[in-house]
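User: Could you take a close look at the salt bridges in this model and tell me where the charged side chains that form them sit? I'd also like to hear about any charged residue that stays out of such a pairing.

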Amino acid sequence: MDMPEVLPRPDVDIEEAIAQSVRTYGPLKASRGFFSYHVNHGAITLTGNVRSPQARRMLLNTLPSIAGVTTLNAAQLFDDEAIRMAVGKLIPDGVFANVMVGAVALTGTLPAGASLDELRRAVTAVAGVRRVDAQLSLAGG
């Protein structure tokens with residue numbers, strides 16, 4: 001007996017299932033305007049920023065199980081904790097970083113001889129950083 005052909009699930013239905021997941025998972029609600037998803041023939045691409053590793057992990061663990069999903073690409077989805085850790089390796093003693101959905105705020109005291117422009121460039125180059133604001137005092141100034 002021939003089995004009926006299973007038609008692929010429409011992308012719009014997959015997108016609605018993703019939207020439902022986002023609406024019902026609290027840690028994702030705060031990040032809604034900062035990340036996006038696109039579905040093309042069952043392949044999901046996630047881009048942008050979420051506030052926590054838990055929110056990112058939820059997407060990575062849940063979305064592949066949605067009926068009709070063929071692949072998930074989250075290479076351009078970043079969480080604030082990972083960004084904060086990467087930025088923390090770049091900033092000198094006396095400078096502190098706060099990250100909010102990819103926006104980095106640098107505060108504290110920039111050591112003598114350190115360049116604010118170089119620091120900004122280095123932090124801006126971190127994957128997932130959307131912008132850098134610096135409110136730094138200068139050591140000895």
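Analyst: Let's begin with E16, which counts as partly exposed because its relative accessibility is 42%, the class between buried (under 20% relative accessible area) and exposed (over 50%), with a 1.4 Å probe and protein chains only. Before going on, please note that this is a predicted model, in which local features need pLDDT of at least 70 and side-chain atom pairs count only at pLDDT 80 or more, while totals for chains, interfaces and linings use all residues. Residues are numbered from 1 along each chain as its sequence is written, and side-chain values use heavy atoms, leaving out hydrogens and water.

The side chain of E16 meets that of R23 in a salt bridge, with 2.7 Å from N to O; the term stands for a side-chain nitrogen of Lys or Arg within 4 Å of a carboxyl oxygen of Asp or Glu. R23 is also classed as partly exposed, since its relative accessibility is 35%. By this rule the protein has 3 salt bridges, so here are the others.

R84 and E81 form one of them, again at 2.7 Å from N to O. Both residues belong to helix α4, which covers residues 80-88, and they are 3 residues apart, about one turn of the helix. Helices (H or I, at least four residues) and strands (E, at least two) are DSSP runs numbered from the N terminus. R84 has a relative accessible area of 35%, so it is partly exposed, and E81 is partly exposed because its value is 31%.

Another salt bridge joins D133 and R131, at 3.1 Å from N to O. Here, too, the accessibilities can be given for each partner: D133 is partly exposed because it has 36% relative accessibility, and R131 is partly exposed because its relative accessible area is 44%.

Now to your second point, for which D79 is a nice case. D79 is buried and yet has no salt bridge. The nearest side chain of opposite charge belongs to R56, 4.6 Å away; Lys and Arg count as positive and Asp and Glu as negative, with His and the chain ends not counted. D79 lies in strand β3, made up of residues 71-79. Leaving aside residues up to four places away in sequence, D79 touches V50, S52, P53 and R56, where contact means heavy atoms within 4.5 Å.

Staying close to that strand in the chain order, we find A67 in the loop between α3 (53-62) and β3. A67 counts as partly exposed because its relative accessibility is 48%. Not counting residues up to four places away in sequence, A67 touches R9 and I14. The C-alpha atoms of A67 and G42 are 9.0 Å apart, although 25 residues separate the two along the chain.

To place these residues in the whole chain, it helps to step back. The protein has 5 helices and 6 strands, and from the N terminus on they follow the order α-α-β-β-α-β-α-β-β-α-β. The C-alpha trace spans about 85 × 25 × 20 Å along its principal axes. Of the 141 residues in the protein, 34% are buried, D79 among them. Finally, of the contacts between residues at least 6 apart in sequence, 56% join residues at least 24 apart.
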